[in-house]
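Okay, thanks for making time, everyone. I'll put the structure up and then walk through a sheet and a couple of buried spots.

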Amino acid sequence: MTARIRIAIQESSVPRFPRGTRFRFDATRQAWVILAPERLIMPDEIAVEVLKLVDGARSVSVMVDDLAARFAAPRDQVLGDVLSLLQELADDTVLEDARPV
């Protein structure tokens, strides 16, 4: 068995969905879903707003700035929530960091 390397999501990380994983609106369920090998994840409304910004080009910092401005929320609070969400998804191998290692 091969050990997985834990990816630490930071403010400078550039999250993306790995090959074989898709984030899309499912018309049948009328909900946004993450489709991953042998898994289907239905994120809540707040997670959907974050995940819509995951494009493999935008850093977490830029995503947080956008969300804090859009929802008139304290940046520090948004940063903590976004990092927590993205780290959980990275731990589940649903997200990866697009930056070169």
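**The sheet, then two residues**

So, we have an open sheet of three strands, in the order 2-3-4, with antiparallel pairing. Strand 2 and strand 4, which covers 39-41, are the edge strands, and each of them pairs on one side only. From one strand to the next, the twist averages 30°. And keep in mind that this is a predicted model.

Let's look at one of those pairings. Strand 2 and strand 3, residues 31-36, run antiparallel and are joined by five bridges. If you want a spot to find on screen, F23 stands opposite I34 in strand 3.

I34 comes up again with T21. T21 sits in the loop between strand 1 (15-16) and strand 2 (22-26). Is it buried or exposed? With a relative accessible area of 4%, T21 counts as buried, because the cut-off is under 20%. Leaving out neighbours within four places in sequence, T21 has contacts with I34, L35, A36, P37 and V94.

Next one: D97, over in strand 5, residues 96-97. D97 has a relative accessible area of 14%, so this one is buried too. What does the D97 side chain reach? It gets to the backbone nitrogen of V14, at 3.0 Å. There's also a polar contact of 2.7 Å between the side chains of D97 and R99. Not counting residues up to four places away in sequence, D97 touches I7, S13, V14 and R16. So V14 is on that contact list, and its backbone nitrogen is what the D97 side chain reaches.

How values were computed: Residues are numbered from 1 along each chain as its sequence is written. This is a predicted model: local features need pLDDT of at least 70, side-chain atom pairs count only at pLDDT 80 or more; totals for chains, interfaces and linings use all residues. Side-chain values use heavy atoms; hydrogens and water are left out. Helices (H or I, at least four residues) and strands (E, at least two) are DSSP runs, numbered from the N terminus. Buried means under 20% relative accessible area, exposed over 50%, partly exposed in between (1.4 Å probe, protein chains only). A polar contact is a pair of N or O atoms within 3.5 Å; within protein, one must be able to donate a hydrogen and the other to accept it, and residues adjacent in sequence count only if both atoms are side-chain atoms. Contact means heavy atoms within 4.5 Å. Two strands pair if DSSP finds at least two bridges between them. Axes are lines fitted to C-alpha atoms, for helices over the stretch in contact, and angles run from 0 to 180 degrees between N-to-C directions.
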